[in-house]
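Please work through the exercises below with the sequence and the model open side by side, and try each task before reading its solution.

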Amino acid sequence: MSNAPLTHLESLQAFLTARIAPARALGVTVAATEPVTISAPLEGNLNDKGTGFAGSLFSVAALAGWALVTRWCAVEPIEAEVVLQSSRVRFLAPARGEFRAIAHALSEKQRQKLARMLARSGRGRAEVAIDVKCDEAVVMSFTGVYAVMLSQPEK
């Protein structure tokens, strides 16, 4: 799959809802691409306490990080596959309304390191910090390490 069309909000939204079943189930909306922001309604993502289900918050954050790294690849342009390798999460407060995951841009140093790793071995990693907010309160902090592998040429 080419990363190129994923640079625009509308194409990223279409990709998430067409190709990633959990994104459809969560009801995600790509709210912005600078910074990458993905939101989800509380309705349909409730836990037994009437607040945001932890797995839904996690999934929206994981998608935001994936979208950030995938968009970076598209802009470079680098044909690559991006997957979540590991993560750390802290739940800070209950989400009592619509929540959104905001992925912090990679620093110049991170981007340069990732580009060097990809050029050298065809693989690299990027660590992305994501805040999940409800209104203006941070309800979850997420740090994801995303593995990036150059796509194999099609035969």
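The three exercises that follow concern a predicted model, and each has a worked solution.

**Exercise 1. One helix and its two sides**

Task: Determine which residues of helix 1 are buried, and explain why they lie on the same side of the helix.

Solution: Begin with accessibility, where buried means under 20% relative accessible area and exposed means over 50%. By this criterion, the buried residues of helix 1, which spans residues 9-19, are Leu 12, Gln 13, Phe 15 and Leu 16. Next consider their directions around the axis: they cover an arc of only 165°, and therefore they sit on the same side of helix 1. Then turn to the other side of helix 1, where Glu 10 and Ala 18 are exposed. Finally, look for what covers the buried residues of helix 1, which includes helix 2 (21-26), strand 1 (29-33), strand 2 (36-40) and helix 3 (54-75).

**Exercise 2. Tracing the strand pairs**

Task: Establish how strand 6 is joined to strand 3 and to strand 5, and then find how strand 4 pairs with strand 5.

Solution: Start with strand 3 (residues 80-91) and strand 6 (residues 137-150), which run antiparallel and are joined by eleven bridges; within this pair, Val 89 has Phe 142 of strand 6 as its bridge partner. Continue with strand 5 (residues 123-134), which is antiparallel to strand 6 and joined to it by twelve bridges. Two positions help to fix the register, since Gly 124 stands opposite Val 148 in strand 6, and Arg 125 stands opposite Ala 147 in strand 6. Strand 5 and strand 6 form a hairpin with two residues between them, and Asp 135 in the turn has a positive phi of about 55°. Lastly, strand 4 (residues 99-103) pairs with strand 5 over five bridges, also in the antiparallel sense, and the bridge partner of Ala 103 in strand 5 is Ile 130.

**Exercise 3. The largest nonpolar core**

Task: Identify which residues touch the most other members of the largest nonpolar core, and which element contributes its largest share.

Solution: The general expectation is that nonpolar side chains in soluble globular proteins tend to be buried together. Here the largest nonpolar core has 43 residues, of which Ile 38, Trp 66 and Tyr 146 touch the most other members. Sorting this core by element then shows that helix 3 supplies the largest share, with twelve residues.

How values were computed. Residues numbered from 1 in each chain as written. Predicted model: local features only at pLDDT ≥ 70, side-chain atom pairs only at ≥ 80, totals over all residues. Heavy atoms only, no water. Buried < 20%, exposed > 50% of the residue type's maximum accessible area, 1.4 Å probe, protein only. Helix = DSSP H or I, 4+ residues; strand = E, 2+ residues; numbered from the N terminus. Arc of directions from axis to C-beta. Contact = heavy atoms within 4.5 Å. Pairing = 2+ DSSP bridges. Core = buried A, V, L, I, M, F, W, Y, C linked by side-chain atoms within 4.5 Å.
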